[in-house]
Every structure is written in C-alpha cells, then in structure tokens.
Amino acid sequence: MTGGPLVVIGDALLDIDVDGRADRCSPESAAPVVEVANRTFRPGGAGLAARLAATDHREVVLIAGFAADEAAVRLRRLLDRHVRVIALPQRGSTVCKQRVRAVGPWAGANGHRKAEQLPRPVLIARVDSGTGRVGADPLPDEARAVVAAARAVLVSDYGRGVAAHPQIRTLLRARAAHVPVVWDPHPHGPVPIPGAALVTPGRAEAFERLSGLLGEGPELWKLAKGWAVEAIAVTLGSEGALVCLRASGKRLRIPVPAEVKTPDGCDTSGAGDSFAAAAAGLLGSGSTPESAARRAVIAAAEFVGSGAVEMLSESESALLPGSATAWDSRWA
C-alpha cells in the first residue's frame, strides 16, 4: 500500500488465555478443576485486526477507546510496538475476554477422557468482563487528520460505541467516496455507513440481520441494497465466504482452497479479523471486492492453519519473574 496508512477504527479488547491441566473434578459438582500453568495476553477486537494488518509491514494506525486501568496499560504495551495508536477516552473498564483451556482426563465434555486423546487444550469456559464504552466526546484533531489521509479504512465493531460515534460516522461517509471502507459489524453495533466498499459479517451476524434467511437467494442482495454498500462477504469459517455484489446482483460462494484447508481442532480465534484486515489491505491496493474476498479467504485459512493467534500472544512468564513457563515447554 502506498499513499497513506491503513486505518483501523473500533473497539480494542484484551484477550487472555488461561491454560492448565484438568486431572480431577470439583467435589461440589462434575466440573473440572483446572490447575493453571500459564497465562497469555494478546490484543483483541480492533486491536487484533490492527495487529494482523501490521504483519504485512504496512503503516497501520489504530483509533480506539482505552480505559484508565491496568488492563489498558498491558493492551497498549502489546500494540505500541507494532501500530500507531490514537486513543479515545473510554468510560468504564477495559473489556477482557478470558478463555480457560486445559488438557487432561477432565478436559473432555464429560470428563474421564484419556489425556493422550487431547493433544490440544480444550476450551473449558469463557469469562468476559469489563464495562468500557466510548461516548460522543469530540474527536482529537490527530484522528481527523489520519482518516483524511487514509488509503483504506477498516471499522472493527465490537459493540462498544466507537462505530456509533457521530463524528466518526460523518468522517467515514465523506471518506468512503474516495477510499475503500471495510466494515466488520457486530450484532450490538450500528449499521454500516452508506458507501462502504465491503461489509464482512460472520454467519451468526448475517442470520440476525436477515432474520435467519441466509442463502444464495435475494435476501443478501436486499441487505446490501438497504445498507447502500458495494458488497457483502459473509464469512463461513471452514466453508469460506458467501459474497454478494450490489451493483450486479451477483452472488457467489468462495470455498477455502484444498491446499490451505485446516484440520479439525485448530484455534479459529481471530479468523474473522484476519479476513477483514486482509480484505481492507487488498482493497486499498486496488483489488475489487470479489478479488479481495477470494484472497482474504485464503489469508484467513492460512492464519488459522499457522497457529498465528498464539504467535501474537505474550506469555505471563515473560512479564513476571518466577511465573509458569510457556505451554509447549510445560507439557512437552
């Protein structure tokens, strides 16, 4: 990309993985007891999208809300080495999404599974916390200038107020006439701005918008027409994507090529963010929405297959002397 940065606008979260062993169940109920071996931290939400975009050595700027708490300090540390951050004031605490994973006899769905049958940690629970939201405070001049200079914009909406900010929406509506805007929506967020080049809902988000009528019929085209966006690409995980082009009414399924298909059990966290970030970069480089969606399907599959979400994580052992060692060395 030349001529300006890729700008990511949205809600930055802190993702936490708590890994350990589940060798027994609780005496109070048939719930696994997880002995924690390691904690890892990585940017989530718009922070992950910006971090992924930066892996291609682009100039990436993230505009997101940050709270005044310890989790936000850690999140900034994870981001500042890779992307330029423009912080918006955020009320409440940093939103954290924590996954508890384990190996061992009680890591299976019903317990008592042999440990050797579980070569990868199994998700036991996800615990979400944090109340952070961005209000309608005036945008800093730096944010306005960056959007005006952007080569492409990705809105990574996680329902925490940034995508609904009235000044941001006004800026993006004007900018969409000149550069591609990719909108990754959230069920609790606003509709995309008119003129967006590509909207990238997941299957569940598309079902909610279409009242369950997701298929290759006219419903998706009607949604694109109602939103006044150029194209919609519904991400379908291992099935690829379903794309609809508003101008021509063309609808097509884009499968994941066989050579990049991932085996069952891979960690799919961040696949949607990877798709949206890749599509934004490709559109900013001149690709059409259809071409960008095809190549973004491959990029997302390669991201999942490479285990890159783990590579973006920072182990607590690297931050706190004497804490547990990393997962691979602990259980090798």
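**Salt bridges, and one arginine without**

Modeller: In this predicted model, the side chains of Glu290 and Arg294 meet in a salt bridge, 3.4 Å from N to O.

Biologist: What makes Glu290 and Arg294 a salt bridge?

Modeller: The cut-off is 4 Å between a side-chain nitrogen of Lys or Arg and a carboxyl oxygen of Asp or Glu. Glu290 and Arg294 come to 3.4 Å, so the pair qualifies. Both sit in helix H8 (residues 289-305), 4 residues apart, about one turn of the helix.

Biologist: Why is Glu290 called buried?

Modeller: Its relative accessible area is 19%, and buried means under 20%, so Glu290 counts as buried. Arg294, at 38%, is partly exposed.

Biologist: How do you know that Asp137 and Arg91 are paired, and what does the pair tie together?

Modeller: The closest N and O atoms of Asp137 and Arg91 are 3.2 Å apart, and the limit is 4 Å, so this is a salt bridge too. Asp137 lies in the loop between strand E7 (122-129) and helix H3 (141-149), Arg91 in the loop between strand E5 (84-89) and strand E6 (96-103), so the pair links parts 46 residues apart in sequence.

Biologist: Now Arg169 in helix H4 (residues 166-175). Why is Arg169 said to have no salt bridge?

Modeller: The nearest side chain of opposite charge, Asp157, is 7.0 Å away. A salt bridge needs 4 Å or less, so Asp157 doesn't qualify. Arg169 is buried all the same. Beyond its neighbours within four places in sequence, Arg169 has contacts including Trp183, Pro190 and Ile193.

Biologist: How many salt bridges are there in the whole structure?

Modeller: The search finds 15.

Note on methods. Residues are numbered from 1 along each chain as its sequence is written. This is a predicted model: local features need pLDDT of at least 70, side-chain atom pairs count only at pLDDT 80 or more; totals for chains, interfaces and linings use all residues. Side-chain values use heavy atoms; hydrogens and water are left out. Helices (H or I, at least four residues) and strands (E, at least two) are DSSP runs, numbered from the N terminus. Buried means under 20% relative accessible area, exposed over 50%, partly exposed in between (1.4 Å probe, protein chains only). Lys and Arg count as positive and Asp and Glu as negative; His and the chain ends are not counted. Contact means heavy atoms within 4.5 Å.
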